[in-house]
Amino acid sequence: MKEEIKIKTLVTYSSLTNNTKKVAEAIYDAVDTKKDICSISEVPDLSDYDIVAIGYWVDKGNCDNNVKKLLETLHSKKVLLFGTLGASDIGEYYKDVKKRVEEQLAGVNQLLGHFLCQGKIDERLTEHYKKQLKDDPDNPHIKAQLENHKQASSHPDAQDLQNAKDFVKRYIG
Ligand SMILES: Cc1cc2nc3c(=O)[nH]c(=O)nc-3n(C[C@H](O)[C@H](O)[C@H](O)COP(=O)(O)O)c2cc1C
């Protein structure tokens with residue numbers, strides 16, 4: 001604990017199916033300042049905190065609405081962003097998502113870093129695609145979606161959580 005500097009960090013997260021919550025807990029473990037963790041619905045008065053680490057799940061290529069609302073209210077904070085999404089890290093998609101999320105943050109804040117990793121996709125969505133494939137067995141889009149769901153199903157895994165911890169150590173370790 002860096003008692004002598006008295007930096008205080010809040011880790012908060014928005015999570016429907018616990019992927020982002022798992023990453024938040026790994027990040028909280030790795031934070032080496034005074035610290036608190038809470039769900040986004042329980043965010044306390046932020047004036048007590050020097051650093052706010054905010055976790056989102058990706059909804060239609062951007063952060064979920066709860067995180068959007070929080071980002072709009074932030075002022076003069078050091079911010080760490082982290083998120084989970086169903087897509088795997090190929091091509092430019094992760095970069096594009098990060099950029100869109102960062103655009104929600106007002107300019108008077110300081111972005112320290114941004115971490116994104118894959119998270120399993122809600123089984124109801126997988127079932128939805130499986131039904132569609134029955135009606136349209138050769139549809140390449142549906143096949144690719146289901147392949148991605150399969151690939152995402154083990155995430156966030158131990159390596160993702162370690163990567164999240166390493167990420168924190170780089171910025172506030
Ligand atoms: C309504 C909905 C929209 C989603 N949109 C995207 C998306 O645009 N891109 C993506 O890669 N994953 C998308 N996902 C997958 C989630 O971002 C992913 O499963 C995430 O890890 C869920 O995090 P959570 O368990 O913390 O809720 C979506 C999931 C849902 C339920």
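The exercises below work through a predicted model of a protein chain with a ligand.

**Exercise 1. Describe the fold and overall dimensions of the protein chain.**

Solution. Start with the elements: the protein chain holds six helices and six strands. Read along the sequence, they follow the pattern β-α-β-β-β-α-β-α-β-α-α-α. Next take the extent: the C-alpha trace spans about 60 × 30 × 30 Å along its principal axes. Then compare the radius of gyration with the globule rule. A compact globule of 173 residues would have a value near 16 Å, and the protein chain has 17 Å, which agrees. Last, look at contacts between residues at least 6 apart in sequence: 80% of them join residues at least 24 apart.

**Exercise 2. Locate the largest nonpolar core and state which elements build it.**

Solution. Begin with burial: 35% of the 173 residues count as buried. In soluble globular proteins, nonpolar side chains tend to be buried together. Here the largest nonpolar core has 36 residues, and Val11, Ile27, Ala53, Phe82 and Ala164 have the most contacts inside it. Now assign the core to elements. Those giving two or more residues are the strands E1 (8-13), E3 (51-59), E5 (78-85) and E6 (110-118), together with the helices H1 (19-30), H2 (65-73), H3 (93-102) and H6 (158-172). E3 gives the most, with seven residues. Finally, follow one residue, Ala53. Leaving aside neighbours within four places in sequence, Ala53 is in contact with Thr9, Val11, Ile27, Leu80 and Phe82.

**Exercise 3. Characterise the shell around the ligand.**

Solution. First find the residues: 18 surround the ligand, and Ser15, Asn19, Thr20, Trp57 and Gly119 come nearest. Second, trace the shell to elements. H1, E3 and E5 each supply at least two residues, and the largest share, three residues, comes from E3. E3 also gives the most to the largest nonpolar core. Third, sort the shell by residue class: six are nonpolar, nine polar and three charged.

**Exercise 4. Divide the protein chain into domains and describe their contact.**

Solution. Set the bounds: domain 1 covers 8-120 + 155-172, and domain 2 covers 121-153. The C-alpha centres of domain 1 and domain 2 lie 28 Å apart. Count the residues on each side of the contact: eight come from domain 1 and six from domain 2. On the side of domain 1 that touches domain 2, one residue is nonpolar, six are polar and one is charged.

Technical notes. Residues numbered from 1 in each chain as written. Predicted model: local features only at pLDDT ≥ 70, side-chain atom pairs only at ≥ 80, totals over all residues. Core = buried A, V, L, I, M, F, W, Y, C linked by C-beta atoms within 7 Å. Buried ≥ 20, exposed ≤ 12 C-beta atoms within 10 Å, placed from the backbone. Helix = DSSP H or I, 4+ residues; strand = E, 2+ residues; numbered from the N terminus. Contact = placed C-beta atoms within 7 Å. Nonpolar A, V, L, I, M, F, W, Y, C, P; charged D, E, K, R; others polar. Domains from an automatic or database assignment. Rg over C-alpha atoms; globule rule 2.2 N^0.38 Å.
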